[in-house]
Structures are given as C-alpha cells and as structure tokens.
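Here are a few short exercises to work through with the model open in your viewer. Try each task before reading its solution.

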Amino acid sequence: MSEITTKKLRVVKLLEILQQNTDMEHPIGTNELCSKLAELGIKPIGVQ
C-alpha cells in the first residue's frame, strides 16, 4: 500500500473509532486510541 493510502486509511479508522467510542461525556485517551489502531493492524503516526 502506498504511503498516501496508508495515511488516508489511518484517518478514516481514527474517525470510525472516535465516532463509535466517544461522545462529549466519554472522551478517549491517546493510549487507548493507539491501542485500538494497533488492534486493527495500523501503526500510529510516528511509529515505524
């Protein structure tokens, strides 16, 4: 997969996670967000 496609996929998956798991009273922390990305096989930004 190209780098641009990977970045777009990461953004889409971030949006999906946020929509499904958060609201104004239930925010999600960075560590939990990174864990959810890792469960999907997506490395967070800055991780090689």
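**Exercise 1: a salt bridge inside a helix**

Glu16 forms a salt bridge with Lys13, with 3.2 Å between the closest N and O atoms. This is a predicted model, in which local features need pLDDT of at least 70 and side-chain atom pairs count only at pLDDT 80 or more, while totals for chains, interfaces and linings use all residues. Residues are numbered from 1 along each chain as its sequence is written, and side-chain values use heavy atoms, leaving out hydrogens and water.

Task: work out how Glu16 and Lys13 are placed along helix 1, and how exposed Glu16 is.

Solution.
- Start with the criterion: a salt bridge is a side-chain nitrogen of Lys or Arg within 4 Å of a carboxyl oxygen of Asp or Glu.
- Next, the spacing: Glu16 and Lys13 are 3 residues apart in helix 1, so about one helical turn separates them. Helices here are DSSP runs (H or I, at least four residues), numbered from the N terminus.
- Then the accessibility: Glu16 has a relative accessible area of 30% and is partly exposed, and Lys13, at 24%, is partly exposed. The classes are buried under 20%, exposed over 50% and partly exposed in between (1.4 Å probe, protein chains only).

**Exercise 2: the other pair**

Task: the structure holds 2 salt bridges; find what Glu3 pairs with.

Solution.
- The side chain of Glu3 meets that of Lys7 in a salt bridge, at 3.2 Å from N to O.
- Both residues belong to helix 1 (residues 3-21), 4 residues apart, or about one turn of the helix.
- Glu3 is exposed at 56% relative accessibility, whereas Lys7 is partly exposed at 45%.

**Exercise 3: two helices in contact**

Task: describe how helix 1 and helix 2 are oriented to each other.

Solution.
- Two packed helices are described by the angle between their axes and the distance between the axes.
- The axes of helix 1 and helix 2 (residues 30-39) come within 11 Å and cross at roughly 120°. Axes are lines fitted to C-alpha atoms, for helices over the stretch in contact, with angles from 0 to 180 degrees between N-to-C directions.
- The two helices are therefore oblique to each other; the term covers angles outside the roughly parallel (under 35 degrees), antiparallel (over 145) and perpendicular (65 to 115) ranges.
- The contact (heavy atoms within 4.5 Å) involves Lys13, Leu14, Ile17, Leu18 and Asn21 of helix 1 with Leu33, Lys36 and Leu37 of helix 2.
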